[in-house]
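Here is a colleague's note, set out as numbered points. Please read each point with the structure open beside it.

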Amino acid sequence: MTSTSLPKPMPPRPFLAVIRTIDRFTTLTGYLFVLFIIPLVLANVYEVFARYLLRSPTIWALDVTTMSYAALFMLGSALALLKGAHVRTDMLWEGFSDRTKGMIDSLAFIVFFLPTMAVLFYISIDDFLYSVSIDERSSSGAWTPIIWPLRGVIPLTAFMLALQGISELMKSLWAWRTGEFLTKHEKIEV
């Protein structure tokens, strides 16, 4: 006697297409934003060279380092969400079924995450536009670089996190409905 198991339910094609499109966009932009590591490293290397070998420290390296690290950190957060690298308390989480995890994640994305990203976007876009209008500059030193590009990173980050949050919400809703996640995140421990 052969036992026939029911085929695993698959999400509708448009549902999967939205998830895959968002995930691809996040992956592509995440790897593109890694390029911010170049000015971060170059500014630090040049500062060490100028300070210790030439005995002539720069006035700009700290600002370049701070801004490029901030941009790298913020713009990489959507990729971190995709990869499952954000903080989660595993003490209780590991004991839950996939359906329960899907329910908790779905509710968290709907109640907390997406509204927070909407508020962050709304507030930061206004700050960014004001910063552009006054040609805002840093007051941290003699160099006084423009800082509106860094202010623009904040609404961009909120938008990208919200977009990836929609993909993660869709995955969580599927897990809540079926008891199976569409994707498994590797366990990242620090």
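1. A pair of charged residues comes first. E168 and K171 are both buried. The model is a predicted one, and this note should be read with that in mind. The side chains of E168 and K171 form a salt bridge, with N and O 2.9 Å apart. Both residues sit in helix α7, and because they are three residues apart there, about one helical turn separates them. The pair belongs to a network: salt bridges with shared partners join D23, E168 and K171. As general background, side chains of opposite charge can pair when their charged atoms come close.

2. Q164 also belongs to helix α7, which runs over residues 148-178. Is Q164 buried or exposed? Its relative accessibility is 0%, so Q164 counts as buried, the cut-off for that class being under 20%. Beyond its neighbours within four places in sequence, Q164 has contacts with I22, D23, T26, A78, L81, L82 and K171. Two of the names in that list, D23 and K171, come up in the salt-bridge network of point 1 as well.

3. L81 is a contact of Q164, and its own surroundings are worth listing. With residues up to four places away in sequence left out, L81 touches H86, F109, F113, L161, Q164, G165, E168 and H185. E168, from the salt bridge with K171, is thus among the residues that touch L81.

4. Which residues make up the largest nonpolar core? The set has 12 residues: F33, A71, L75, A78, L81, F109, M117, V153, M160, L161, A162 and L169. Two or more residues come from each of α3 (61-75), α4 (77-83), α6 (98-133) and α7. Helix α7 provides the largest share, with five residues. In soluble globular proteins, nonpolar side chains tend to be buried together. A78 and L81, both members of this core, are also contacts of Q164.

5. Aromatic pairs number seven. One of them is tilted: Y46 and F49, at 6.5 Å centre to centre and with 45 degrees between the planes. Y46 and F49 are about one helical turn apart, because they lie three residues apart in helix α2. At a relative accessible area of 38%, Y46 is partly exposed. F49 is also partly exposed, at 39% relative accessibility. Another pair, F109 with F113, is edge-to-face, with 5.2 Å between the centres and 80 degrees between the planes. F109 and F113 are four residues apart in helix α6, about one turn. F109 has 10% relative accessibility and therefore counts as buried; F109 is also part of the largest nonpolar core. Finally, ring pairs link Y46, F49 and W60 into a cluster.

6. On the surface there is a nonpolar patch of about 830 Å², made by Y31, L32, V34, L35, I37, I38, V41, L42 and V45. Helices α1 (13-33) and α2 (37-53) each supply at least two of its residues. Which helix gives the most to the patch? That is α2, with five residues. V45 is placed in helix α2. Its relative accessibility is 51%, so V45 counts as exposed; the class begins over 50%.

7. How many salt bridges are there? The count is five. Besides the E168 and K171 pair of point 1, E136 and R151 meet through their side chains, at 2.8 Å from N to O. E136 is in the loop between α6 and α7 while R151 is in helix α7, so this pair ties together parts that are 15 residues apart in sequence. E136 is buried, with a relative accessible area of 19%. R151 is partly exposed, at 29% relative accessibility.

8. A further salt bridge joins R137 and D135, whose closest N and O atoms are 3.5 Å apart. Both ends are partly exposed: R137 has 43% relative accessibility, and D135 has 35%. That places this pair apart from E168 and K171, which are both buried.

Terms used. Residues are numbered from 1 along each chain as its sequence is written. This is a predicted model: local features need pLDDT of at least 70, side-chain atom pairs count only at pLDDT 80 or more; totals for chains, interfaces and linings use all residues. Side-chain values use heavy atoms; hydrogens and water are left out. Buried means under 20% relative accessible area, exposed over 50%, partly exposed in between (1.4 Å probe, protein chains only). Contact means heavy atoms within 4.5 Å. Patches are made of residues with over 30% relative accessible area and no salt bridge: like charges are joined within 9 Å, nonpolar side chains (Val, Leu, Ile, Met, Phe, Trp, Tyr) within 5 Å. Accessible areas come from the Shrake-Rupley method with a 1.4 Å probe; for residues, only the protein chains shown count as cover. A salt bridge is a side-chain nitrogen of Lys or Arg within 4 Å of a carboxyl oxygen of Asp or Glu. A nonpolar core is a set of buried Ala, Val, Leu, Ile, Met, Phe, Trp, Tyr and Cys residues joined through side-chain atoms within 4.5 Å. Rings of Phe, Tyr and Trp (its six-membered ring) pair if their centres lie within 6.5 Å; planes under 30 degrees apart count as stacked, over 60 as edge-to-face and the rest as tilted.
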